[in-house]
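Welcome! Let us walk through this model together, beginning with its open spaces and then turning to its helices and a few single residues.

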Amino acid sequence: MDILETIVANKRREVAGQKAAVSLEMLLSAGAARMSRPAVSMRRALEQSPSGIIAEFKRRSPSKGWLHAGARVEDILPAYEQGGASACSVLTDGDFFGGSLGDLQRARTRVRLPLLRKDFIIDEYQLYQARVTGADAVLLIAATLTPGECRQLAQTAHTLDLEVLLEIHRESELDYLHPEIDLLGVNNRHLGTFHTEVENSFRLIRQIRASGAETASPLPVSESGLSEAATVVRLREAGFRGFLIGETFMKTDHPGRALAAFITQIDRQTEHRHETTDH
């Protein structure tokens, strides 16, 4: 059993326990007021942003261990917003990533940016949890779902005014694309081994264009392993409009400052490339 299979098996047990403890009816009753909050479009925010950075709040990862054990949403999310993030991603898996739905709920009260619930979504119940706790978008991972499950979850997400970021890692997963998908994430990290290869984004964006999958018009997002501003500039030139970055910022003492400095580097790299092209 690889890492992804272990995580998903644990998630099935976790969600079953949550549903037994709090029924969907109870969840919706307790969160009725929050369900009425107008959602903020992550896609629109990325389309309109010059940087497109989705800054991630992540305390740990299965491959790297603890990145920032004492990290508090109250400190980091406002700093991300001030630092220039276009959106924020909040890890809500506890056992493997050190997150919680409480983190997402606190994030919603601290920032106006669109928020992505990043977790291993396998059950519609988790979509209702996401909406109640303040998410504007949810992550669906092709490697953990069948195409039919992905479509059903995406349709339910849209009924809840949640946008859908579909994450793929290989060309064969382009079959999961359908009109309910708002953003298409290319994960540079193999979820079975957690090996990271940024070239995966460049390879897949070429395959997406060659296959005609762009006609489905999801906004392209590159995920994982992005630590150099020059790489982000190249990815934008290749067609990506969103860049999900967590570890690069979270492993520092001040993630918000690290984000602001990173965006400044992107601006400088972009200006330099334009000057080079002009001459």
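## Before we look: what a pocket is

The search runs on a 1 Å grid over the protein atoms alone: a cavity is a set of points where a 1.4 Å probe fits but cannot get out, while a pocket is an open set with protein on both sides within 12 Å along at least five of seven lines. Lining residues have an atom within 4 Å of a point. Grid points are joined across faces, edges and corners, and a volume is the space filled by probe spheres set on the points.

This is a predicted model, in which local features need pLDDT of at least 70, side-chain atom pairs count only at pLDDT 80 or more, and totals for chains, interfaces and linings use all residues. Residues are numbered from 1 along each chain as its sequence is written, and side-chain values use heavy atoms, leaving out hydrogens and water.

## Two pockets

The second largest pocket holds about 170 Å³ of space. It is lined by 11 residues, and those closest to its centre are Pro50, Val233, Arg236, Ile266 and Thr270. Helix 10 (229-238) and helix 12 (255-278) each give at least two residues to this lining; here helices (H or I, at least four residues) and strands (E, at least two) are DSSP runs, numbered from the N terminus. By type, the lining has five nonpolar, three polar and three charged residues. In this sorting, Ala, Val, Leu, Ile, Met, Phe, Trp, Tyr, Cys and Pro count as nonpolar, Asp, Glu, Lys and Arg as charged, and the others, Gly among them, as polar.

The largest pocket offers about 250 Å³ of space. Its lining has 18 residues, with Arg189, Gly225, Leu226, Glu247 and Thr248 nearest the centre. Strand 10 (242-245) and helix 11 (247-250) each supply at least two of the lining residues. Five residues of this lining are nonpolar, six are polar and seven are charged.

## Helix 1 and its buried face

Helix 1 (residues 3-21) has 19 residues, which at 1.5 Å a residue should span 27 Å, and its end C-alpha atoms are indeed 27 Å apart. The expected span is 1.5 Å times one less than the number of residues.

Which residues of helix 1 are buried? They are Leu4, Ile7, Val8, Asn10, Lys11 and Val15. Seen down the axis, these buried residues fall within an arc of 165 degrees, so they line one face of the helix. The arc is that of the directions from the helix axis to the C-beta atoms. An α-helix has 3.6 residues a turn, so residues three or four places apart point the same way. Buried means under 20% relative accessible area, exposed over 50%, and partly exposed in between (1.4 Å probe, protein chains only). The buried residues of helix 1 pack against helix 7 (124-132), whereas Arg13 and Ala20 are exposed on the other side. Contact, throughout, means heavy atoms within 4.5 Å.

## Helix 8 and the turn after it

The 13 residues of helix 8 (147-159) should span 18 Å at 1.5 Å a residue, and the end C-alpha atoms are 19 Å apart, which agrees. Cys150, Leu153, Ala154, Thr156 and Ala157 are buried in helix 8. Looking down the axis, they fall within an arc of 165 degrees, so they line one face of the helix. Helix 7, strand 6 (137-141) and strand 7 are among the elements that cover these residues. On the face turned away, Gly148 and Thr159 are exposed.

Just after helix 8, Asp161 takes a positive phi of about 65 degrees, although Asp161 is not a glycine. Asp161 lies in the loop between helix 8 and strand 7 (163-168). Ser224, also not a glycine, has a positive phi of about 80 degrees. Ser224 lies in the loop between strand 9 (219-223) and helix 10, and counts as buried at 10% relative accessibility.

## Two buried residues and their contacts

Asp182 is found in the loop between strand 7 and strand 8 (183-187). Is Asp182 buried or exposed? Asp182 is buried, with a relative accessible area of 14%. Apart from neighbours within four places in sequence, Asp182 is in contact with Arg43, His158, Leu162, Glu163, Val164, Pro218 and Leu219.

Val90 sits in strand 4 (residues 87-91) and is buried at 0% relative accessible area. Beyond neighbours within four places in sequence, the contacts of Val90 are Phe57, Asp103, Leu104, Ala107, Leu116, Arg117 and Lys118.
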